[in-house]
Amino acid sequence: MKIIMLGAPGAGKGTQAKRIAEKYAVPHISTGDIFRANIKAGTELGKEAKSYMDKGQLVPDTVTIGMLMDRIAKEDCAGGYVLDGFPRTLAQAASLTEALEKRGDKIDYAIDVDVPDENIVNRMGGRRACLNCGATYHLEFIPTKVEGICDSCGNEIVIREDDKPETVKKRLEVYHAQTQPLIEYYGGQGVLKSVDGTADMDKVFAAIVHILGE
Ligand code: AP5
Ligand code: MG
């Protein structure tokens, strides 16, 4: 099963993608997490990505497309995957379609997690992330068991650099200009499904399971 998660920054793509990956036993591939892991490790890719991410801009397609294609060519992706944060531009979507078509393959579902901009800013303010294992929390909605400490790996949890209100605003602008057109693109391919992302997380997941099947 090959799934794409669409939705604004903070819509809950990562939250839902993790649960999908567990239930359907496919890898969860987040381009944002890959960039953050590279930033943490101090790689050249990380340095380049950080200069864009901190401003709320997209990392150029020339960097992102190759990176994602290498990742999905790995053996663990043979049975499918859930992509979180890719594609984000029409050029990325076209590259993915083309790469899959070459193998006579296609995306099965593009799930749009729909949340209005007003709700997004609140959510991002409360989000805390573990830069070690990628787990995300929310001060109010998903608190950690011990304050400030990741439940899964015990590292410290932090506010993401790009979750500052000004940067969130910029990310929303970029989303509307560059990523929202993908809703129409995947609608045209007949694989688009939309879920109400303002509901609580379990309800959102139940709606997704209803689409993907038990
Ligand atoms: P990325 O890491 O993908 O960030 P994003 O798309 O901006 O999305 P987020 O991770 O902020 O939100 P999410 O939808 O995953 O929400 P989450 O589940 O955490 O990308 C970061 C940057 O990397 C980009 O800005 C760009 O620079 C670069 N980049 C990445 N991919 C790229 C690409 N393909 N091309 C170019 N550049 C790229 O939830 C948010 C919060 O809300 C959490 O605290 C969560 O606990 C809470 N929450 C979730 N669901 C609910 C709910 N139902 N009710 C209440 N709270 C909820
Ligand atoms: Mg995310």
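Visitor: Is the crossing of helix 6 and helix 7 left-handed or right-handed?
Guide: This is a predicted model, in which local features need pLDDT of at least 70, side-chain atom pairs count only at pLDDT 80 or more, and totals for chains, interfaces and linings use all residues. Residues are numbered from 1 along each chain as its sequence is written, chains are lettered from A and ligands numbered from 1 in the order written, and side-chain values use heavy atoms, without hydrogens and water. A crossing is right-handed if the near helix is turned clockwise from the far one by less than a right angle, and left-handed if anticlockwise. The crossing of helix 6 and helix 7 is right-handed.

Visitor: At what angle do the axes of helix 6 and helix 7 cross?
Guide: Helix 6 covers residues 117–126 and helix 7 residues 165–179 (helices are DSSP runs of H or I, at least four residues; strands are E, at least two). Their axes (lines fitted to C-alpha atoms over the stretch in contact, with angles from 0 to 180 degrees between N-to-C directions) come within 10 Å. The axes cross at roughly 140°.

Visitor: Which class does that angle give helix 6 relative to helix 7?
Guide: Angles under 35 degrees count as roughly parallel, over 145 as roughly antiparallel, and 65 to 115 as roughly perpendicular, with the rest oblique. The crossing is at roughly 140°, which means that helix 6 is oblique to helix 7.

Visitor: Which residues of helix 7 make the contact with helix 6?
Guide: Contact means heavy atoms within 4.5 Å. Helix 6 contributes Asp 117, Ile 120, Val 121 and Met 124. From helix 7 come Val 168, Arg 171, Leu 172 and His 176.

Visitor: How close does Arg 171 come to ligand 1?
Guide: Arg 171 is among the nearest of the 35 residues around ligand 1 (a heavy atom within 4 Å), together with Thr 15, Gln 57, Arg 88 and Arg 127. From a polar side-chain atom of Arg 171 to an oxygen atom of the ligand, the distance is 2.5 Å.

Visitor: Which residue has a polar backbone atom 3.0 Å from a nitrogen atom of ligand 1?
Guide: A nitrogen atom of ligand 1 also lies 3.4 Å from an N or O atom in the side chain of Arg 123. The backbone partner at 3.0 Å is Val 59.

Visitor: How far apart are the axes of helix 1 and helix 9?
Guide: Helix 1 (residues 13–24) and helix 9 (residues 201–212) pack at about 50°, so helix 1 is oblique to helix 9. Helix 1 passes helix 9 in a right-handed crossing. The axes are 10 Å apart.

Visitor: Which residues of helix 8 meet helix 5?
Guide: Helix 5 (residues 90–102) and helix 8 (residues 181–188) cross at roughly 25°, so helix 5 is roughly parallel to helix 8. On the helix 5 side are Leu 90, Ala 93, Ala 94, Leu 96 and Thr 97. The helix 8 side has Pro 181, Leu 182, Tyr 185 and Tyr 186.

Visitor: What is the omega of the peptide bond from Phe 86 to Pro 87?
Guide: Pro 87 sits in the loop between strand 3 (81–84) and helix 5. The bond is cis, with omega near -5°.

Terms used
A polar contact is a pair of N or O atoms within 3.5 Å; within protein, one must be able to donate a hydrogen and the other to accept it, and residues adjacent in sequence count only if both atoms are side-chain atoms.
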